[in-house]
Amino acid sequence: MTPVRVALDLDGSLESLGDAGEVLAEALEALGIDLVRVRTSGVAGPGERAAPGRSLWGPWWRRSRGPSLDVLLGGVDVVHVAGLAVPPTRDARLLVSLDDLRPLRDGARSAGRVGPLRRAVQRGAVIAVSSHAAAHEVRDALDLDRDRVRVVAPAVVTVDPPSRAADLVVNVAGVVETFRTMVPALSSLATRRGGRLVAIVSAAAAGHLRGVPGVVVEPRLAARRALAGARLALHLSDGARFPSFAIAAMGAGVPTVARATAVNRELLAGAARLLDDDASVVAALDELWDEGPARELARAAGRTRATDFAPEAAARAYVALYREMVGG
């Protein structure tokens with residue numbers, strides 16, 4: 001089989017449980033991919049290359065303009081990016097992993113994401129998303145043909161089982177005000193059960209929650225540490241991003257409750273407890289807190305589902321897509 005040389009941009013979307021780019025890179029190399037680890041904006045570490053001229057061309061690449069990255073790198077077959085950079089390529093195929101759909105939604109298009117993505121696709125790029133629900137939304141937002149958007153779930157970092165299962169850990173993504181209204185009830189539940197309410201939030205959301213009583217606010221990079229003390233996990237999101245937190249929690253054996261968004265129905269149904277009504281969250285969590293059949297079933301189903309998103313599974317799917325793109 002013809003070897004495929006891939007340049008993987010490690011400055012992709014920030015995951016709350018670790019560097020997903022690094023995890024994917026290791027899994028790809030384990031499958032024998034000739035990989036060039038690239039940084040288009042961050043500091044290059046050992047075994048990585050800083051994209052030539054990135055301080056000058058970085059802003060241009062975000063607009064899908066400027067020099068061809070594959071030429072600057074000395075020749076690769078595929079350039080795979082997952083962040084804001086969508087650089088032109090001359091000979092290589094461009095694959096854009098798109099995790100966050102918020103910039104494509106109404107009211108956010110002024111952020112300048114739609115134009116660069118359309119330009120990249122017009123030059124032959126392929127967009128990879130994490131679910132069929134996300135693929136439908138991206139095709140509509142960018143007015144793309146079906147074959148320009150492919151479904152490949154990203155790699156989810158493996159998290160060890162909790163060392164002390166006491167806390168209710170909530171991942172808040174895009175619904176900060178909704179979470180604020182839920183804090184009294186969630187905090188009361190956690191306290192009554194002998195634990196804490198711990199919220200994993202973005203830096204921007206942390207400002208909105210500062211001073212709110214009854215909740216410990218932690219940055220996204222602390223999610224792994226927070227899960228080490230989790231009795232239950234609640235994934236509270238607007239459905240714009242891949243539910244990596246929920247999947248990692250399930251993989252660690254933490255029963256998980258989530259909103260029944262389109263993405264969550266597709267990826268988590270049958271493993272996490274999905275709820276259509278926020279008012280029923282506390283009752284669902286209360287039921288899963290105690291040891292018993294419901295909790296044990298949730299733990300077993302969650303662990304099984306999480307294997308579908310292991311790094312090696314994501315790497316195999318991406319390798320198949322790389323070869324298809326090069327062959328095409």
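1. Let's start with the second largest pocket in this predicted model. Which element gives the most to its lining? That is helix α9, with 3 residues. Two elements, α9 and α12 (293-306), give two or more residues to the lining of this pocket. In total the pocket is lined by 14 residues, and the space in it comes to about 160 Å³. If you want to find the centre, look for Val156, Val157, Thr158, Gly251 and Ala306, which lie nearest to that point.

2. While you have α9 on screen, follow it over to the sheet. The helix covers residues 244-251 and lies across four strands: β8 (167-173), β9 (197-201), β11 and β12. Its direction is about 160° to that of β11.

3. Now the sheet itself. What is the strand order? Reading across, you get β10-β9-β8-β11-β12-β13, an open sheet of 6 strands with parallel pairing. β10 (216-219) and β13 (273-275) are the edge strands; each has a single partner, so one side of each is left without a neighbour in the sheet. From one strand to the next, the twist averages 20°.

4. One pairing to check by eye is β11 with β12. Strand β11 takes in residues 230-237 and β12 residues 256-259; they run parallel and are joined by 3 bridges. A handy landmark here is Ala233, which stands opposite Thr256 in β12.

5. On to the charged pairs. How many salt bridges does a search of the whole structure find? The count is 25. One of them is between the side chains of Asp286 and Arg193, at 2.9 Å from N to O. Asp286 belongs to helix α11 (residues 281-289) and Arg193 to the loop between α6 (176-192) and β9, so this salt bridge ties together parts that are 93 residues apart in sequence. Asp286 has 26% relative accessibility and counts as partly exposed; Arg193, at 25%, also counts as partly exposed.

6. Next, take a look at Asp276 and Arg265, whose side chains meet in a salt bridge at 3.0 Å, N to O. Asp276 sits in the loop between β13 and α11, while Arg265 is in helix α10 (residues 262-268); the two are 11 residues apart. Is Asp276 buried or exposed? With 68% relative accessibility, Asp276 counts as exposed. Its partner Arg265, at 45%, counts as partly exposed.

7. The edge strand β13 has a salt bridge of its own to look at. Arg273 in β13 links up with Glu287 in helix α11, 14 residues apart, and the N to O distance between the side chains is 3.2 Å. Relative accessibility is 46% for Glu287, which counts as partly exposed. Arg273 has 27% and counts as partly exposed as well. Helix α11 is worth a second look here: Asp286, from point 5, lies in this helix, and so does Glu287.

8. Last point, at lower residue numbers. Which residues are linked in a network of salt bridges? They are Asp11, Glu22, Glu29, Arg37, Arg39 and Glu48. I'd display these side chains together rather than pair by pair, as the network links them.

Notes
Residues numbered from 1 in each chain as written. Predicted model: local features only at pLDDT ≥ 70, side-chain atom pairs only at ≥ 80, totals over all residues. Heavy atoms only, no water. Pairing = 2+ DSSP bridges. Axes fitted to C-alpha atoms, helices over the stretch in contact; angles between N-to-C directions. Contact = heavy atoms within 4.5 Å. Salt bridge = Lys/Arg side-chain N within 4 Å of Asp/Glu carboxyl O. Buried < 20%, exposed > 50% of the residue type's maximum accessible area, 1.4 Å probe, protein only. 1 Å grid on protein atoms, 1.4 Å probe; cavity = no way out; pocket = protein on both sides within 12 Å on 5 of 7 lines; lining within 4 Å. Points joined across faces, edges and corners; volume = space filled by probe spheres on them.
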